Each structure stands twice: as structure tokens, then as C-alpha cells.
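Okay everyone, thanks for making the time. Could you pull up the structure so that we can walk through it together?

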Amino acid sequence: MRKLLFQSLLRQPLTEQAPRPDDAALAELAGLVGHAARRRLGRSLSIREVDAGSCNGCELEIHALNNAYYDVERFGIRFVASPRHADVLLVTGPVTTNMREALERTYHATPNPKWVVAVGDCARDGGCFAGSYAVVGGVSAVVPVDLHIPGCPPSPTAILRGLIALLVEVDSGIAAR
């Protein structure tokens, strides 16, 4: 044990470098989402994240949106704890049999106008879990989906780009529900 302790004191920690996207481009991207939300909704965009049975890879990227590096709340995008306060349902993972009813109830509890965004490849079609006895399928098998964000997992900037695409599409009146 003492040997491991001394080795850990002498070695440098193994850490990865932080992603280096252009800070101005990231600020502009998140600012566009906030501006489009205020123009469409008259207020900030409220998001309820629903894990329908994923491996948590997409959740890590979604939670990264709230960390000090991305900090999307400064642009008017906030995550809420209740679907009754949400505008967007951000659903990750394939919908498992056990989560089907919970997802349907969350969808019906969200007030109109509401939009559903399926995040990740598993949410689109079940991904590597498709065909399993425990999986119903993608999110669109349970609730109507307005936007799919591909990736396994998609990066936080890809999620922001997807939200901009959703709001621009909604602003043109195509996906309003």
C-alpha cells in the first residue's frame, strides 16, 4: 500500500485536455438559441431531460451543458425538474418497457406548445439495444418526435445546434404542436 502511495505522489495525474472550440463561436451558438427561444416563446427555453433507458453517455454530454465550460443558463436555456414547466422534452436512450408509461405520462404532463427531441442514436431507433425483449424501440415509437440529434453520444455543441434547428423550424411554423 505504501508503495502505491509513493508512486501516486511522484506521477502526474492522467487527465485529458479540455475541448478547445472557439469560445466566440460557442457563445454565439448558445446566444442564438436563447434569442430564438425568447422570440418564439417570449421567455427562456425550459428543458426537461428524460432518461428512457440509456447507457448515460448522452446524459453526460447533456449535463456538460450546465458545467462552467458551456454554462448555457447564461443564454436563457434552463433545465427544469418538472415537465409542467418544460417547453422541450430531451429524451435519451431507447425506450425500455418499464419506461414507456413514464415517458407517455411526462409527455402528457408537458404543456403546449411542446417539442420532443430524441438525443443520440439509441433514441432514434433503439441503437445497439434494438430487438431486445426489454426495449420498445426509439422514442418515436412512444411519443411524436420533432427532432433527432444523431451521435453516440452527441457533443454538447451538437445538442445546441439541434436546439437552434428546432427553434428555427418552430419559428417558421412547421413543427408547432
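Let me start with a word I'll use a lot: buried means under 20% relative accessible area, exposed means over 50%, and partly exposed is in between, with a 1.4 Å probe and protein chains only. Right, what are we looking at? This is a predicted model, where local features need pLDDT of at least 70, side-chain atom pairs count only at pLDDT 80 or more, and totals for chains, interfaces and linings use all residues. Residues are numbered from 1 along each chain as its sequence is written, and side-chain values use heavy atoms, with hydrogens and water left out.

So, the overview. The protein chain has six helices and seven strands; these are DSSP runs numbered from the N terminus, with helices being H or I over at least four residues and strands being E over at least two. If you walk along from the N terminus, the order is α-α-β-α-β-β-β-α-β-α-β-β-α. There are 177 residues in the protein chain, and 43% of them are buried. The protein chain exposes about 9900 Å², and carbon and sulfur atoms supply 54% of that; accessible areas here come from the Shrake-Rupley method with a 1.4 Å probe, and for residues only the protein chains shown count as cover.

Now contacts, meaning heavy atoms within 4.5 Å. Take the contacts in the protein chain between residues at least 6 apart in sequence: 81% of them join residues at least 24 apart.

Let's zoom in on helix H4, residues 100-109. Which residues of H4 are buried? They are Leu103, Thr106 and Tyr107. Looking down the axis of H4, the buried residues fall within an arc of 100 degrees, so they line one face of the helix. That arc is taken from the directions from the helix axis to the C-beta atoms. And what do the buried residues of H4 pack against? Strands E1 (45-51), E3 (88-92), E4 (95-96) and E5 (115-119). Flip to the face turned away from the buried side of H4, and you find the exposed residues Glu101, Arg105 and His108.

H4 also brings us to salt bridges. A salt bridge here is a side-chain nitrogen of Lys or Arg within 4 Å of a carboxyl oxygen of Asp or Glu, and by that rule the count is three. One joins Glu104 and Arg100, at 3.4 Å from N to O. Those two are four residues apart in H4, so about one helical turn separates them. Glu104 is partly exposed at 27% relative accessible area, and Arg100 is partly exposed too, at 33%.

Another one pairs Arg105 with Glu101, with the closest N and O atoms 3.9 Å apart. Again, they sit four residues apart in H4, about one helical turn. Arg105 is exposed, at 58%.

For the remaining pair, go to helix H5, residues 121-125. There, Arg124 and Asp121 meet at 3.3 Å, N to O, and being three residues apart, they are separated by about one helical turn. Arg124 has 36% relative accessibility, so Arg124 counts as partly exposed. Asp121 is partly exposed as well, at 23%.

Okay, on to the backbone. Which peptide bonds should you click on? The one from Asn112 to Pro113 is cis, with omega near -5 degrees, and Pro113 lies in the loop between H4 and E5. The bond from Cys152 to Pro153 is also cis, with omega near -15 degrees; Pro153 is in the loop between strand E7 (147-149) and helix H6 (156-171). Then there's Asn56, where phi is near 80 degrees, a positive value in a residue other than glycine. You'll find Asn56 in the loop between E1 and helix H3 (57-64).

Last topic: cysteines. A disulfide is a covalent bond between the sulfur atoms of two cysteines. The rule used here is a pair of cysteine sulfur atoms within 2.5 Å. How many disulfides does that give? Zero. Cys55 is in no disulfide, and the nearest cysteine sulfur, in Cys122, is 6.1 Å away. For Cys128, the closest cysteine sulfur is also that of Cys122, at 4.9 Å, which is too far for a bond. Cys55 is exposed at 58%, and Cys128 is exposed at 68%.

That's my tour, thanks for listening!
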